[in-house]
Amino acid sequence: MKQFPKKIELTPPQILVIGFALIILIGGTLLSLPISSAKGESSPFLDALFTATSATCVTGLVVVDTGTTFSVFGQIVIILLIQVGGLGFMTMATLVAFVLKKRISLKERLILQEAMNQGSMEGIVRLIRKVIFYSLTIEFAAAVLFAIRWSFDLGPGRAIYYGIWHAISFFNNAGFDLFGSVTGPFSGLTAYADDVLVNVVSMGLIILGGIGFIVIADVVDYKKCRKLSLHSKIVLSMTAALILVGAVVMFIFEYSNPKTLGSLNWTGKILASFFQSVTPRTAGANTIDIGGMRQASQFFMIILMFIGASPGSTGGGVKTTTFTVLIGAVIAMIRGKEDIVLFHYRLGRDRIMKATAIIFLALMLVVLVAMVLSTTEDHSFLMILFEVTSAFGTVGLTMGLTSDLTTFGKILIALMMFAGRLGPLTLAYALGPKAEKELYRYPEGKITIG
């Protein structure tokens, strides 16, 4: 009797990894075509693949300037990759299913649960509806404000195009910009360092994209239910604390630096300090020269980039909730407490173990890649560590190393962006063997710590 080959069953993490990889490959192929180039010539495939990886993983690290290198077609490909990568390809597939009035299967719900980092499937389709609605609404409102402001500098048609493009880029925490064709390659938003509207709208987009859709939904529903979940309380309080502390640190360290805040007026100094505090939370846009900052500021930005945004958002990093659990564990240990208590809630052991695993895996990955690149790239270790952390946190900020990377360096940084977007645990689950339930437990042992 003829035997048919056994059907391969992919787990949700494996589907996410393969899905993102296919999108990157398609995007890299399109960006390498002559139609995507401003000069009408084929781009080196590695550079195109690096750009596609950066866009899909909503990072913003670029080996070539986006505004001057790519044609309108290429720029549209990039912004579509950013939208799909930021919201997740399963979210976009669900949107198509909604339009076609197709039912969301159990398997698809499991993948959505993994993609949105949810503990259960309950209400997952309802959450996806909110994700799509909130995203399009926020991006549209920001695009209108950007278009009005830039119409004075670029003309109506170009201002509308730039408004839509940058609203999508900043909300998805991608950090890509087109101003290289206006104010010079790799200039970012430096020409608008003291522009209140551009700064406020950009920071608003970055923060909203970074706190996560669960929190946005919680805040919107607050008037109705008059309470916030523990998750939302932690995310909002930690986000506010990191932004405020970051702005103060940037202001103090860079106040007299002529290459950054020194040349700006008081309004510009305050805006730039807050912007450089917000943008390391995986956004990647900049209003001052990152390479011109003092080393203390650059190292502090590395810490902010490593922490990153919040779960269920468009951002990367180890996430604010993970960092909060770590701080809570330290405080509990110092106080001699057995439990981590936040907002009068005790955290479960599984949450603490997961946070510890994420921090450890992320730290080891960043350190290992930085050590390897320090032997292949002829630059300072701080610059290399900044680049690696930026890639892992899907931030997109750089001290100027990206365009000078060797071929090996480009491949390694691209892999870091991929790992950062999916998360170290998701990759570990996807690549590791299928977990089996333990039938017994070993006796407890004691070791000396500290």
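Select helix H15 and colour its buried residues: Ser297, Gln298, Phe300, Met301, Ile302, Leu304, Met305, Phe306 and Ile307. Here "buried" stands for under 20% relative accessible area, "exposed" for over 50%, and "partly exposed" for values in between, with a 1.4 Å probe and protein chains only. Helices (H or I, at least four residues) and strands (E, at least two) are DSSP runs, numbered from the N terminus. The model is predicted: local features need pLDDT of at least 70, side-chain atom pairs count only at pLDDT 80 or more, and totals for chains, interfaces and linings use all residues. Residues are numbered from 1 along each chain as its sequence is written, and side-chain values use heavy atoms, with hydrogens and water left out.

**Around H15**

Keep H15 selected and add its surroundings. The buried residues of H15 pack against H13, helix H14 (266-278), H16, helix H17 (349-376) and H18. From its first C-alpha to its last, H15 reaches 19 Å with 13 residues, close to the 18 Å expected at 1.5 Å a residue; the expected span is 1.5 Å times one less than the number of residues. Move next to Gly308, which follows H15 and has a positive phi near 75 degrees.

Continue to Lys319, in the loop between helix H15 (295-307) and helix H16 (320-334). Lys319 is not a glycine, yet its phi is positive, about 90 degrees. Most residues other than glycine have a negative phi. With 17% relative accessibility, Lys319 counts as buried.

**The cavity**

Gly308 also belongs to the lining of the largest cavity, so select that lining now: Ile206, Ile207, Gly210, Ile211, Thr239, Ile243, Val278, Arg281, Gly308, Ala309, Ser310 and Thr320. On a 1 Å grid over the protein atoms alone, a cavity is a set of points where a 1.4 Å probe fits but cannot get out; a pocket is an open set with protein on both sides within 12 Å along at least five of seven lines; lining residues have an atom within 4 Å of a point. The structure holds 1 cavity of 30 Å³ or more, and about 80 Å³ of space lies in the largest cavity. Such a volume is the space filled by probe spheres set on the points, and grid points are joined across faces, edges and corners.

Which helix gives the largest share of this lining? It is H10, with 4 residues. Helix H10 (196-211) and helix H13 (230-254) each supply at least two lining residues. The lining divides into 6 nonpolar, 5 polar and 1 charged. In this grouping Ala, Val, Leu, Ile, Met, Phe, Trp, Tyr, Cys and Pro count as nonpolar, Asp, Glu, Lys and Arg as charged, and the others, Gly among them, as polar.

**The second largest pocket**

Select Phe186, Ser187, Asn286, Gly396 and Thr398, which lie nearest the centre of the second largest pocket among its 27 lining residues. The volume of this pocket is about 450 Å³. Its lining comprises 10 nonpolar, 14 polar and 3 charged residues.

**Gly400 and H19**

Proceed to Gly400, in the loop between helix H18 (381-392) and H19. Gly400 is partly exposed, with a relative accessible area of 35%. Add Gly291: the two C-alpha atoms are separated by 6.4 Å, although Gly400 and Gly291 are 109 residues apart along the chain.

Now select helix H19 (residues 407-422), whose 16 residues reach 23 Å from first C-alpha to last, close to the expected 22 Å. Because 12 of the 16 residues of H19 are buried, this helix is largely enclosed by the rest of the structure. Just after H19, Gly423 takes a positive phi of about 95 degrees.

**The nonpolar cores**

One buried residue of H19 is Ile413. Select Ile413 together with Ile82, Trp150, Leu205 and Val388: of the 106 residues in the largest nonpolar core, these touch the most other members. Helix H7 (residues 124-154) gives the most to this core, with 9 residues. A nonpolar core is a set of buried Ala, Val, Leu, Ile, Met, Phe, Trp, Tyr and Cys residues joined through side-chain atoms within 4.5 Å.

**A last stop**

Finish at His344, in the loop between strand S1 (341-342) and strand S2 (345-346). Is His344 buried or exposed? His344 is exposed, with a relative accessible area of 80%. His344 has a positive phi of about 65 degrees although it is not a glycine.

Conventions. Contact means heavy atoms within 4.5 Å.
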